[in-house]
Amino acid sequence: MARDTNSLNRRDVLKASGAAGVAGLAGLAGCTQDGNGGGNGGGNGGGDGEDYPSLGNFPIEGDTATFGFNVPTSGPYSSEGEDELRAYKLAVKHLNNGGGWVDDFGDLSGDGVLGYEIDFVEGDTATDADTARESASRMVQRDNVIMFSGGSSSATAIAQQGLAQSQKVLFMCCLTHSNDTTGKDCVRYSFREMFNAYMTGQALAPVVTGEYGDDLSFYQLYADYSWGQTQQESMKQFFEEAGWSQVDSVATPLGESDYQSYLSEAANSGAEALFLNHYGLDGANSLQQAIEAGLDQNMEIVMPLYNRPMAQAAGGAIEGIFGTIAWDSQIDNEPSNSFTQFFGDEYNGRVPSGPAQLAYAQTLQYAAAAERAGTFYPPEVIRQLEDYEYDNIGMGQETMRKCDHQAQRDIPVVRGLPESEQGQGQFFELVNVTSRDDVGYACDEGPAAECELGEYGDE
């Protein structure tokens, strides 16, 4: 059951009594682990027979472990955030009661995690980095979350993972696509399932140049924050390597509603192709306005990163437009099919989006890692996630790489369907699922070359 992040709990009262008292109680909790493993609840913090020191919000007080879900329920990415929240709630339900992928994850019991019932709190990032950080800080400091997750903007995800590192509480990225998340801004206390802009460039360039030719000129509009900046850099790199040439690249504000002046400049640039590096409602607006202005009559338009709520908002404007997505319900394998089925059963036939799949999967991945570790002690959970191999979330064989905490995974390339063919959650033609063998980079290359993860905290 969700708890309001404005609620007051027992630990708030203790903190009000003074930091020394809290430290004393935390030390006492750390010393009174009974050494019987994590399956008995009862306030031992999920120990596995060893005494771990207090770190972050470990050990857990009582017999309930609290997760924090910090998503945009307002702002330009609110549709994505709402679908993430649906999936987060469903993940908690399945962790506590069984069902869904929990029944197929060998590490999970469907009876809580390490004997602890899972509760959660939720917050609104408003698609703003400062707001996201403040909300996450409340979850960590007041609600004592043992893990938090979220992000429908890379700026909010990067802000939250910086907090996670400083507070030694794990952050499981949901929707974040900037190269910087697992590049120059990477941290030990954060993991990302979603592929990045660099990998989108690798997957998209062969498909798009194969369709439109290998010598076009292109113009870019991009959202002016971490994601958009690294997105346009990656498009420039990989399309120029394929033989295209960039005419210009222009930043637009996050949350922009009127793109007419930007689109007019693009149309007058002489470029033969236009990249719209926008997302969420911004992406729907810029694409609709480009089509309404007739830019598609003289320019090829590419939307490098899509999702279902965004495509639904854009409607018929997506017809024939190439892009990449995190996941789609038409990917035909057992995990994907079952996720589509049980998500729809829970939410009156609603077809899950890629952001929903990321949210559900990251919650279960954290829980399974804690079970493998036999403890919620953060460094041990981190070590269970690093270089972990898995194939149970619908995207084939994957590795959560140790050097940068970036999943090495396949990438779906899609093309928008005509409006007459859209419906029942289907908005894309699946053009290709690019193998992870054809994308990615070594730990000393690309974004990973700038990654320094930091300490586990138990050194």
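# Close-up views of a predicted chain

**Overview. Here is the whole chain before we zoom in.** Of the 459 residues in the chain, 60% are buried, where buried means under 20% relative accessible area, exposed means over 50%, and partly exposed is anything in between (1.4 Å probe, protein chains only). This is a predicted model, so local features need pLDDT of at least 70 and side-chain atom pairs count only at pLDDT 80 or more, while totals for chains, interfaces and linings use all residues. Residues are numbered from 1 along each chain as its sequence is written, and side-chain values use heavy atoms, with hydrogens and water left out. The chain holds 13 helices and 16 strands; these are DSSP runs numbered from the N terminus, with helices (H or I) having at least four residues and strands (E) at least two. About 16000 Å² of the chain is exposed, and carbon and sulfur atoms supply 42% of that area, as worked out by the Shrake-Rupley method with a 1.4 Å probe, where for residues only the protein chains shown count as cover. Now take the contacts (heavy atoms within 4.5 Å) with a separation of 6 or more: 71% of them involve residues 24 or more positions apart.

**View 1. The largest nonpolar core, with Tyr306 in it.** A nonpolar core is a set of buried Ala, Val, Leu, Ile, Met, Phe, Trp, Tyr and Cys residues joined through side-chain atoms within 4.5 Å. The largest one here has 130 residues, and Tyr306 and Phe376 have the most contacts inside it. Helix H12 (residues 354-373) gives the largest share of this core, eleven residues. Where does this core lie with respect to domain 1 and domain 2? It lies between them, because domain 1 (64-195 + 330-409) and domain 2 (198-325 + 414-423 + 428-434) both give residues to it; the domain bounds come from an automatic or database domain assignment. In soluble globular proteins, nonpolar side chains tend to be buried together. Zoom in on tyrosine 306 and, leaving aside neighbours within four places in sequence, you'll find it in contact with residues including Tyr279, Leu287, Phe322, Val414 and Phe428.

**View 2. Strand E4, covered on both faces.** Strand E4 covers residues 147-150. Met147 and Ser149 sit on one side, Phe148 and Gly150 on the other, and all of them are buried. Which way does strand E2 (residues 64-71) run relative to E4? The two run parallel, joined by four bridges; for strands to count as a pair, DSSP has to find at least two bridges between them. One place to spot this is asparagine 70, whose bridge partner in E4 is glycine 150. E4 also pairs with E5 in the parallel sense, again over four bridges. Here, look for phenylalanine 148 opposite phenylalanine 171 in E5.

**View 3. The disulfide of cysteine 186 and cysteine 451.** A disulfide is a covalent bond between the sulfur atoms of two cysteines. The rule used here is a pair of cysteine sulfur atoms within 2.5 Å, and by this rule there are two disulfides. In this one, the sulfur atoms of cysteine 186 and cysteine 451 are 2.1 Å apart. The torsion about their S-S bond is about 105 degrees, so the disulfide is right-handed. Cysteine 186 lies in the loop between strand E5 (170-173) and strand E6 (190-191), and cysteine 451 in the segment after strand E16 (428-434), so the pair ties together parts that are 265 residues apart in sequence. Buried or exposed? Both cysteine 186 and cysteine 451 are buried.

**View 4. The disulfide of cysteine 403 and cysteine 443.** The sulfur atoms of this pair are 2.0 Å apart. With -85 degrees about the S-S bond, the link of cysteine 403 and cysteine 443 is left-handed. The pair links distant parts of the chain, 40 residues apart: cysteine 403 is in the loop between strand E13 (398-400) and strand E14 (407-408), and cysteine 443 is in the segment after E16. Cysteine 403 counts as partly exposed, at 26% relative accessibility, and so does cysteine 443, at 37%.

**View 5. Cysteine 173 and cysteine 174, with no bond between them.** Why is there no bond here? The sulfur of cysteine 174 is 8.8 Å from the closest cysteine sulfur, in cysteine 173, which is too far. Cysteine 173 counts as buried because its relative accessibility is 1%, and cysteine 174 counts as buried at 0%.
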